[in-house]
Amino acid sequence: MPDHLGFGASDGLHPYIVANGYSYPSIDALRAAKNFANTNEVTFTLSNKFIITGYSGGGYATMATHKELVTNPSNYTDLDLATNLKGVIPGAPPSNLSTVMAGQLINVADYTRPDYGPYILLSYNDTYNLVSDVKTLFKTEYQSIVDDFYSGTKSLSTDILSQFSTIISDSSEYPVDIFTDSFKTELSTAYTDYNADMNLGTPTSTGFFEKIIENDVYNYDPGLTPVFFLHLYQDPIVPITTTQSAAQAMLSHGTAIQGATLAILDPHLYATTSSPIYTNGTLADHSTGLVFYHLVMQGLAN
């Protein structure tokens, strides 16, 4: 389990949903484990075989790490991926940012996690230096929340989320309404422009939507490694369409995938197939999906 930036030993804001911010620490952790197992300090050995897995943000980290490994294999010859990487198991991954997750921010009035949008904006601004004062992109009544994100003492799901109660409860407001009218217009226009033909014809003023596109991790060739998606069909936080688009994109590359590329949906378990399985389910809770993921993931891993 990698100690991701901004957590544990490191300071600063976690680079939330930044692909390289997840892939590099994960690969470093893998190498560190191998090195540690080869010392006299421990009594265990490693087989060098591994899977990559995680849920929700960890599902995004899973796909970001896999994408980095298969896109730049010459950088990771020491890991002998063809022999040692045995599977990839993303659980409810928000992998399609530019279409699905951006759509939640812009178009879903009753979205229960409007705090994710500001978190990604602050993370990307720290990573890419988009604007000199990120507070100017927030409406006045939400600017103080920026300090809470950086405090290091506030919980996202309680202290920060509660301050967006109006966005959650008012059906006339959307998560994007946290931002100024001009920035909201920029995001909505870029979203419409890009999703018309998967090409952003007009650059944005801040460059934020360009970075959203850059950090998509659903549309890559997975190579020959088995990929198993675990995702509740009715997940209201990370929609199943992220997994569906990822499975379809992977299959479109034409690679002969060993094992299966699956969308696993409640309440069924899995089957081996060369095509995604989309099965209606009734469970509609992101946290319930975590339990489902753990149970099925361990069976797949074994």
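Thr65 lies in helix H2, which comprises residues 57–71 of this predicted model. Thr65 has a relative accessible area of 4% and is therefore buried, the limit for burial being 20%. Beyond the neighbours within four places in sequence, Thr65 is in contact with Tyr22, Ser23, Ser26, Ile27 and Ile52.

**The pairing of H1 and H2**

Tyr22, Ser23, Ser26 and Ile27, among the contacts of Thr65, also appear on the H1 side of the contact between helices H1 and H2. Helix H1 covers residues 19–37, and its axis comes within 8 Å of the axis of H2, the two crossing at roughly 75°. Because angles of 65 to 115 degrees count as roughly perpendicular, H1 and H2 are described as roughly perpendicular to each other. On the H1 side, the contact is made by Ala19, Asn20, Tyr22, Ser23, Tyr24, Ser26 and Ile27. On the H2 side, Gly57, Tyr60, Ala61, Ala64, Thr65, Glu68 and Leu69 take part.

H1 itself has 19 residues. From its first C-alpha to its last, H1 reaches 27 Å, close to the 27 Å expected at 1.5 Å a residue. The buried residues of H1 are Ala19, Gly21, Tyr22, Ser23, Pro25, Ser26, Ile27, Lys34 and Ala37. H2 is included in what covers these buried residues.

**Helix H12**

Helix H12 spans residues 286–301 and contains 16 residues. At 1.5 Å a residue, H12 should span 22 Å, and its end C-alpha atoms are 22 Å apart, so the expected and modelled values agree. Asp285 caps the N-terminal end of H12. A side-chain oxygen of Asp285 lies 3.1 Å from the backbone nitrogen of Ser287. Within H12, the buried residues include His286, Gly289, Phe292, Tyr293, Val296, Met297 and Leu300. An α-helix has 3.6 residues a turn, so residues three or four places apart point the same way.

**The loop between H4 and H5**

Helix H4 covers 97–107 and helix H5 covers 116–128, and Thr112 is placed in the loop between them. Asp115 is found in that loop between H4 and H5 as well. Thr112 has a relative accessibility of 39% and therefore counts as partly exposed, whereas Asp115, at 0%, counts as buried.

Not counting residues up to four places away in sequence, Thr112 touches Leu161, Ile168 and Ile237. On the same basis, Asp115 touches Phe149, Leu156, Ile160, Leu161 and Phe164. Leu161 is thus listed among the contacts of Thr112 and also among those of Asp115. The side chain of Asp115 additionally makes a polar contact with the side chain of Arg113, at 2.7 Å. Thr112 and Val70 are 42 residues apart along the chain, and their C-alpha atoms are separated by 34 Å.

**Strand S2**

Lys86 belongs to strand S2, residues 85–91. With a relative accessibility of 46%, Lys86 counts as partly exposed. Lys86 and Lys49 are 37 residues apart along the chain, and a distance of 6.6 Å separates their C-alpha atoms. Lys49 is also one of the residues in contact with Lys86 when neighbours within four places in sequence are left aside. The others named are Phe50, Ile51, Thr225 and Pro226.

**Positive phi outside glycine**

Asp80 is not a glycine, yet has a positive phi of about 50°. Asn129, likewise not a glycine, has a positive phi of about 50°. The loop that holds Asp80 runs between H2 and helix H3 (81–84). Asn129 is in the loop between H5 and helix H6 (143–151). Their accessibilities are set out below.

| Residue | Relative accessibility | Class |
|---|---|---|
| Asp80 | 37% | partly exposed |
| Asn129 | 64% | exposed |

**Confidence of the model**

The protein averages a pLDDT of 88, and 90% of the residues score at least 70. Over residues 256–277, however, pLDDT stays under 50. For these residues the model has 71 contacts beyond four places in sequence.

Methods. Residues numbered from 1 in each chain as written. Predicted model: local features only at pLDDT ≥ 70, side-chain atom pairs only at ≥ 80, totals over all residues. Heavy atoms only, no water. Helix = DSSP H or I, 4+ residues; strand = E, 2+ residues; numbered from the N terminus. Buried < 20%, exposed > 50% of the residue type's maximum accessible area, 1.4 Å probe, protein only. Contact = heavy atoms within 4.5 Å. pLDDT = per-residue confidence, 0-100. Expected span 1.5 Å × (residues − 1). Polar contact = N/O pair within 3.5 Å; in protein donor to acceptor, adjacent residues only side chain to side chain. Axes fitted to C-alpha atoms, helices over the stretch in contact; angles between N-to-C directions. Parallel < 35°, antiparallel > 145°, perpendicular 65-115°, else oblique.
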